[in-house]
Amino acid sequence: MSSPQRPIQLLFRSKEGVELYTLADTSSSAAPSSKPSQGGQTLYAGKTTFHLLSPNGSAAFIHDASVGLIKCDLSSTTTTSATSTTTSPFLQNSKAIQLAKCSPRGSYLLTWERPSKLDDNNNNNGNLKVWSAANGALLQSFSCKKATLETVQWTHDEQCVFHCVTNEIHIYAANDWKRVGKVRSQGVASFSLPINKGIDPNAAVKSGEETTKNKYLLTTFVPGIKGKPARVDMLRYPDRMGRDSSSTVVDDDSSSSDDKTVVNIASGQGLTSKSLFNAEEVNVKWSPRADAALLLTQTAVDNTGQSYYGSTHLFLLLEKDVKNPTVGSAMVVPLPKEATKDGSGTVPIVSADWIPNPSITGVVPFGVISGRMPALASLHHGITGEPTFLFGRAHRNTMDVSPHGRFIVCGGYGNLAGGMDFWDRNKGKMIPRRIVLKEEGKKAEEDNTKYVTIKEAADLSITSSSPVVGHQWSPDSRTYLVSTTSPRMNVDNGVQIHRYDGSVVEESALPWDNAKYRPDKLLSAEYVPAPFPSEEEEKKEFHYYPDRPQSPPPRRFTELKGDAAVAALNKLRGAQAAQAKGGAKTAVASAYVPPAARKAGGGGGGAYVPPGARRGAGGAGAGRGGGSTLAERMRQEREGSAATVAAVKVTKRNGPVGAASVMGPVGASAADDGGKSKSALRREKQRLAKEKAEKEAAEEEKRKQEEEAARV
């Protein structure tokens, strides 16, 4: 890019105001952190009710109940100049606004407020309003009693607007709000449009092939009623919206512009539909290429009685069927049999989402967390739905994928302990973590800086020091944010930044002070979205920031191994423990003990012993890993087979749906016959057949000799 890239910024909203911080480059754990900028910029001072960031990060919309919705420009913000704070509202009469969202490209704002009484002319101007994000002008308004913004949605390019009413979805041109079509669906309750549509780098448009430009997919949901099952339809505007639907075009063959007539064109049948017998709510997740959708259905009551939280099911809808591209297809997502311990019963779906990068090679996969705790995380093929990779079982309920789709965090948030596993999807392994050891009397930038690398999965799992409320990847996929905010947690409010490998960025390297927001002053924290790339750049790269792999260690650094690593980390642990003696809540780094030292009982007194080495220890001193309590022994029984499905690929399924088999470690061949390849199995079969034939021939020869001897 010709212009310098925008730095990574974060927006904090607290009880005292809204602030903007610029994060220094801290993405490499094997190098000293850059010096942070001093403090942040106050965008707005005072009590606020909510805030909203534009999709391209150019503006922040802040709502103050005493003023209205205020716009703060972020496009010209630098690390030294503060954005001016204004008390005049950007939207007129916007004090009563309770909900707001931006259109996919950030050109429009949609707001909802409580329905107001009729004015003097007996008119109701509507409580669901569409505004221009550029000048704040009111463009359109509707009446909506329900507190939701999902009844009005834009297409990914903001060419059309869809508005859901009773039994119909009206379609308008976004520039002038003229009706251009309608979708007729009896009893429709909700619909969904993809907000992004990336270019498939693997697709080549053939001559004469139908193009999907200016054609938009959508799904509609009709709840079940009077014994009829619920139904989800995948439609396409303007040609496949259902037989009772129609689109509107202007007849350009008229002689004058005044005589132009509007023609209604009947639409064809929908692409595909799926009947749902156990679905009260449907959550739609669209593929980044906008050609497929995941349906996560949920019911409040589980008829089988196995779950207090109801039942969930996962379906995959495709725009083009594999065998017949003129129609779509719908299927149940086959879950790996390892998702349940006994391989039977209903499997709850904890989480499901797509890899967000449409520019990856091949089919875009999606991730699923399924099964009862400890749940199983897996990757699935984006067309067949088959599981292709298993992350393993753990107490995790969230799968956060970086914007470029390279790094994945499997986290256990909410009512779980806050554990996190950082994975590299391209390599199929957990990301190794480097701990830098700075020698006494030397500055950080001097040579001979030493570090140690932790590679074992049992040691790479980390747990947040505070309860996790918010979590998000940075736009450049190099850092990961976890926050503790009010009112969910009214203690220990603050924000912690992890690098892509899971290592924590020191608070001294952050431009904010978490003590400022304690105990309960922080309301929300999030990254400012990246700008949209230009049209030429978008053809080559979907994201504003480039996709970067794991950073190699600097050449001037020296890696410690064996006993030297154990001694250095124990020394570091002692230094950090001394700093925390005063009662300050400082995380103490535990020393890493290599496998060779663990087997020999090394590590010294008081040294940290990873979970893999604790299980052999007994007595009260074994602690959590020793299994000295009944609860701990029960946990170990539940997780007994977790290691057998950790970081493995899955073979192609040949049996019934859900009967996929595990291959073994990443890069290995089929594990059903001792991990041997097909060629090895074929050679062994030939060898056994040859040995059998030779044995039979020898026995036949011996029998003939015995018969001849008997005759003599």
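Two strands are taken to pair if DSSP finds at least two bridges between them. The exercises below apply this to a predicted model.

**Exercise 1. Establish the strand order of the open sheet that contains β1, and identify its edge strands.**

Solution. Begin with the order, which is β3-β2-β1-β39 in an open sheet of 4 strands, with antiparallel pairing. Next, look for strands that pair on one side only: these are β3, residues 41–45, and β39, residues 522–527, and they are therefore the edge strands under the pairing rule of at least two bridges. Then consider the twist, for which neighbouring strands of this sheet are turned against each other by 20° on average, with direction ignored. Finally, take one pair in detail: β1 (residues 8–14) and β2 (residues 17–23) run antiparallel and are joined by 6 bridges, and Leu10 stands opposite Tyr21 in β2. When following the side chains along such a strand, it helps to recall that in a regular strand they alternate between the two faces of the sheet.

**Exercise 2. Describe how β9 and β10 are connected, and find the residue with a positive phi in the turn.**

Solution. First, the pairing: β9 (residues 128–132) and β10 (residues 138–142) run antiparallel, with 4 bridges joining them, and Leu128 stands opposite Phe142 in β10. Second, the connection: the two strands form a hairpin with 5 residues between them, and Gly136 in the turn has a positive phi of about 80°.

**Exercise 3. Examine the backbone at Trp177, Ser477, Pro374 and Pro519, and state what is unusual there.**

Solution. The background is that most residues other than glycine have a negative phi, and most peptide bonds are trans. Start with Trp177, in the loop between β13 (168–173) and β14 (179–184), where phi is near 60° and so positive in a residue other than glycine. Trp177 has 12% relative accessibility and therefore counts as buried, the cut-off being under 20%. Continue with Ser477, located in the loop between β36 (470–473) and β37 (479–484), which has a positive phi near 65° although it is a residue other than glycine. Ser477 also counts as buried, because its relative accessibility is 3%. Turn now to the peptide bonds: the one joining Met373 and Pro374 is cis, with omega about 0°, and Pro374 belongs to the loop between β26 (366–370) and β27 (375–380). A cis peptide bond also leads from Arg518 to Pro519, with omega near 5°, and Pro519 lies in the loop between β38 (494–499) and the edge strand β39.

**Exercise 4. Decide whether Arg289 and Val322 are buried or exposed, and describe what each of them takes part in.**

Solution. Locate Arg289 in the loop between β21 (281–286) and β22 (292–298). Its relative accessibility is 8%, so Arg289 counts as buried. Then trace the side chain of Arg289, which reaches the backbone oxygen of Pro358 at 2.8 Å; a polar contact requires N or O atoms within 3.5 Å. Val322, by contrast, is found in the loop between β23 (312–318) and β24 (329–332), and at 63% relative accessibility Val322 counts as exposed, because the cut-off for that class is over 50%. As a last step, place Val322 among its partners: together with Val363 and Ile383, Val322 makes a nonpolar surface patch of about 230 Å².

Note on methods: Residues numbered from 1 in each chain as written. Predicted model: local features only at pLDDT ≥ 70, side-chain atom pairs only at ≥ 80, totals over all residues. Heavy atoms only, no water. Patch = residues over 30% accessible without salt bridge, like charges linked within 9 Å, V, L, I, M, F, W, Y side chains within 5 Å. Areas by Shrake-Rupley, 256 points an atom, 1.4 Å probe, with all protein chains shown as cover. Salt bridge = Lys/Arg side-chain N within 4 Å of Asp/Glu carboxyl O. Buried < 20%, exposed > 50% of the residue type's maximum accessible area, 1.4 Å probe, protein only. Polar contact = N/O pair within 3.5 Å; in protein donor to acceptor, adjacent residues only side chain to side chain. Axes fitted to C-alpha atoms, helices over the stretch in contact; angles between N-to-C directions.
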